[in-house]
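Please look over the sequence and the model below before reading on. The paragraphs that follow lead from one pair of residues to the chain as a whole, and then to a single loop residue and its surroundings.

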Amino acid sequence: MTRPVMRSKTTVVILLAGSMLGAAAEASMRCGTRLVHLNDTREQVETKCGPADSETSEGPSLRSDGVVQPGAVRIDRWVYGPRNGANYYLRFIDGSLVEIRMERKP
């Protein structure tokens, strides 16, 4: 019969803190001496980093009569890079930054 693994409260706290630190590291992007954070607007990001190297937009979805569907949002995707060997992928929903993802090229 196997016994369940028991973890101390300290171990659980350390594991949770480590996962939160990983999320915090992904929640910002440096542009020179300025930092871009989640919830920044498109205008704030462009002021801090300049225009994106590429960008795409989609939505919001329209009904057949051309009216915006209830709950529909505009999604913008911006790419900066390569900068120092990495590309930065930003996603905005209705003009607010909701995701910052960095990928290093080998």
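Are C31 and C49 buried or exposed? In this predicted model, C31 is buried, and C49 is buried as well. These two cysteines form a disulfide, with their sulfur atoms 1.8 Å apart, and the count of disulfides comes to 1. A disulfide is a covalent bond between the sulfur atoms of two cysteines. Because C31 lies in strand 1 (residues 28–31) while C49 lies in helix 2, the pair ties together parts that are 18 residues apart in sequence. The torsion about the S-S bond of C31 and C49 is about 85 degrees, and the disulfide is therefore right-handed.

With that link in mind, the chain can be viewed as a whole. Its secondary structure comes to 2 helices and 6 strands, and, when read along the sequence, these elements follow the pattern α-β-β-α-β-β-β-β. Of the 106 residues in the chain, 22% are buried, and the accessible surface comes to about 7,800 Å², with 56% of that surface belonging to carbon and sulfur atoms. Among the contacts in the chain with a separation of 6 or more, 35% are between residues 24 or more positions apart.

The last two strands of that pattern deserve a look of their own. Strand 5 (residues 86–93) and strand 6 (residues 96–104) run antiparallel and are joined by 8 bridges. Within this pairing, F92 stands opposite L97 in strand 6. The hairpin that the two strands make has 2 residues between the strands, and D94 takes a positive phi near 50 degrees there.

Where, finally, is the place of D40? D40 sits in the loop between strand 2 (34–37) and helix 2 (42–49), and with a relative accessible area of 10% this residue counts as buried, because buried means under 20% relative accessible area. The side chain of D40 reaches the backbone nitrogen of H37 at 3.0 Å, and the side chain of D40 also makes a polar contact with the side chain of K48 (3.0 Å). Leaving aside residues up to four places away in sequence, D40 touches L35, V45, K48, F92, G95, S96 and L97. Two residues in that list, F92 and L97, have already appeared as the pair that stand opposite each other, and with them the loop residue D40 is in contact with the hairpin strands described above.

Technical notes
Residues are numbered from 1 along each chain as its sequence is written. This is a predicted model: local features need pLDDT of at least 70, side-chain atom pairs count only at pLDDT 80 or more; totals for chains, interfaces and linings use all residues. Side-chain values use heavy atoms; hydrogens and water are left out. Two strands pair if DSSP finds at least two bridges between them. Helices (H or I, at least four residues) and strands (E, at least two) are DSSP runs, numbered from the N terminus. Buried means under 20% relative accessible area, exposed over 50%, partly exposed in between (1.4 Å probe, protein chains only). A polar contact is a pair of N or O atoms within 3.5 Å; within protein, one must be able to donate a hydrogen and the other to accept it, and residues adjacent in sequence count only if both atoms are side-chain atoms. Contact means heavy atoms within 4.5 Å. Accessible areas come from the Shrake-Rupley method with a 1.4 Å probe; for residues, only the protein chains shown count as cover. A disulfide is a pair of cysteine sulfur atoms within 2.5 Å.
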